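Me: I should like to understand how the labels given to residues in a structure are justified. Please set each value against its definition.

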Amino acid sequence: MINEKFRRQLRQEAQLWQEEQLIDDSLYQQLAKRYQFNHLDTAASSRFVMILMGLGSILLGLGVITFVAANWQNWSKEIKVILLLSLFIAVNTFGFYLWKQPSDAFQIGGRKQRLGEGLLLFGALILGANIALMGQIFHQSGSTYELFLVWGIGVLVMSYSLQLTSLGFLGLLLYGMGYWTGTSDLFSIQEFSLLRLILEHTPLIAGIGLISLAYRCQSRVLFVMTLLILIPALQVSIIPLFNSDLPQGLLFAIGVIFTPALLWGYDDTLWPQIDSRRFQPASRTLSIILLAVWFYVSSFNGIWKNLSPTDSNDLIPISNFVLIDFVIFLGILLLEWFQLVKPSAIHPNKWGLDSITSVIAGFLGLTGLIYFWHLQIYPIPEIAIFLFNVQMFLLAAGLIRIGLAQTQRFAFWGGMILLVSQIMTRTFEYNTELILKAFVLTLCGVGVIVAGLWFERHLLAVANTQNR
C-alpha cells in the first residue's frame, strides 16, 4: 500500500515538473488519476474525523466501564451475563462489518479495515475478560493456565476463521503463556480434565493445528511463534523416557539433537496441497540457532564437570501419555530425513544428502556421540570441550562463508557474533591477565568494525554488478 506522505510529495513534485514544463498536462493528469491526488485533502479530513470518533469512543467506553463498576455488585447474574455477552457480540460484529469493507489503498476503505481489525482485537481482549468474569459470577474457580489456554484457543479459532495474523499472534501469545504457566502441573498427579489433556499434547496441537493456522494466514511470524511453543513442549514429552531402563546417555543425546534435527528436516511439501517451501528457511534458521546455543553452552568447562547420569531410581512424576507426542514426532523426523536422502527429480538415481545437510548431520551425530560417550561409557570432559569449541568455530566460519557467497546479512553477522562470543568467552572463562583480556576485546572490536565495513562494500559491489 502506497502511503499518503509519498503521494503528497509526488503531487508537489508533479506540480513543480508541470510548472517547469518537464511534463505536459496530460501526463500530470495521468499521475493525478493513478495516485488520486484529489482524494488527499478529503483523506486528511476523514482521518481527523476518525481520530475524533476514536477519542470519543474511548471516553464513552471509560464512562460505560465506570458505570458498570459502580453498579456491578447490585445487578443480578442474568443482567451481568447479558451485559457481558452483548458487549462481546457488539464489538466483534461492528469490527467484522468494518473489516469486510472493500479495501482501497487511497481512500477511507483501507482505514475502515484497520479500524475493524482493531475492534476485532479489542473483542479478543473482551473474550478473556468475559471468561474471567463468568467464572467469578458462577463461582467457578480455576488455575491461571486454564484461563490462558481457553482464552488463547478462543482467539485462535477467531483467527483461523477470519485469516487474521494479528489475532493469530495474540492467540499464540496467550496459548504460550498458558502452556508455560501450566507446565508445572504436568509434574503432579491430578484429576483428568480436558484442559490438562490439551496441556499434555501441546506438541501435537502445535504441530498440526497451529502450523495449519500459519499456512492459512500465510504468516512466517505465526510459524516461528508456533515453533517456539513446539520446541520446549517436545523436550518435555521426552522426559518420561528417563523413568525407563533405557541408557541415560542415549536418552540425553536424543534430547539434545532431536529438535534441531526435526527443524532442519522440515519440508513444507510434506503437507497435502502445498507445493512450495515457504517456511522451510525459517525452520532451518531456527535449527542453526539451536545448534549454536548447544555448542556455546557445551563449550564451558563447568558444564562437563557437573554433568553426570541421573539416578534411575529417582522417578520423575510425569504422565506417560506425553510420550505419544514424542513417538509421533519421531516418526515425522524419520520421514523428513528419508525425504532428504532419497533421489530428487533432478538426480533420480542419486541417493544421499546435499553438502550443507551433510555438514548439519555431522554436527548432530558428533554432538549426540559426545554426550552419549561422556554419560554412558566414560567421562571425557576435556575432549568434549575441545570438540564443541571446534564445532562452534566451524559453524561460525560456515555461516560467514554462506553470508559472503549468498550476500546474506543474517548469516554473515550470525557467524561473526558466534565467533566473537567464542573468543571472548574463552578469554574470560579461564584465568588470564587483564592486559590479554584488554587486547582481545580491542582486537574483537576492531575486527567486527573492519569486517562489517568490508562486508557492506562487498554487498554494494555485488549489487552494482547485478545492475549492469
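Reply: Let us begin with a term: a residue is buried when its relative accessible area is under 20%. The model shown here is predicted. In helix α9, residues 202-217, the buried residues include T202, P203, A206, G207, L210 and I211. What covers the buried residues of α9 includes α6, α7, α8, α10 and α14. Just after α9, Q218 takes a positive phi of about 55°.

Me: Why is H374 called buried?

Reply: The relative accessibility of H374 is 6%. The cut-off is under 20%, so H374 counts as buried. H374 lies in helix α15, residues 355-377. Leaving aside neighbours within four places in sequence, H374 is in contact with W304, L307, P379, I380 and P381.

Me: What makes the approach of the H374 side chain to I380 a polar contact?

Reply: The side chain of H374 reaches the backbone nitrogen of I380 at 3.0 Å. A polar contact requires a pair of N or O atoms within 3.5 Å, one able to donate a hydrogen and the other to accept it. The distance of 3.0 Å satisfies that limit, and the pair therefore fits the distance part of the definition.

Me: How do you know that R196 and E200 form a salt bridge?

Reply: Their side chains meet at 3.4 Å, N to O. The rule asks for a side-chain nitrogen of Lys or Arg within 4 Å of a carboxyl oxygen of Asp or Glu, so the pair qualifies. R196 and E200 are four residues apart in helix α8, which means they are separated by about one helical turn. R196 is buried, with a relative accessible area of 7%, and E200 is buried at 10%.

Me: How many salt bridges does the rule give?

Reply: The count comes to two. One of them joins the side chains of D267 and R277, at 3.1 Å, N to O. Both residues lie in the loop between α11 and α12, so the pair ties together parts that are 10 residues apart in sequence.

Me: Why is R277 called partly exposed?

Reply: R277 has a relative accessibility of 47%. Exposed means over 50% and buried under 20%, with partly exposed in between, so R277 counts as partly exposed. D267, by contrast, is buried, with a relative accessible area of 10%.

Me: Which residues touch the most other members of the largest nonpolar core?

Reply: Among its 72 residues, these are F223, W304 and L395. Helix α10, residues 220-238, gives the most to this core, with 11 residues.

Note on methods: Residues numbered from 1 in each chain as written. Predicted model: local features only at pLDDT ≥ 70, side-chain atom pairs only at ≥ 80, totals over all residues. Heavy atoms only, no water. Core = buried A, V, L, I, M, F, W, Y, C linked by side-chain atoms within 4.5 Å. Buried < 20%, exposed > 50% of the residue type's maximum accessible area, 1.4 Å probe, protein only. Helix = DSSP H or I, 4+ residues; strand = E, 2+ residues; numbered from the N terminus. Contact = heavy atoms within 4.5 Å.
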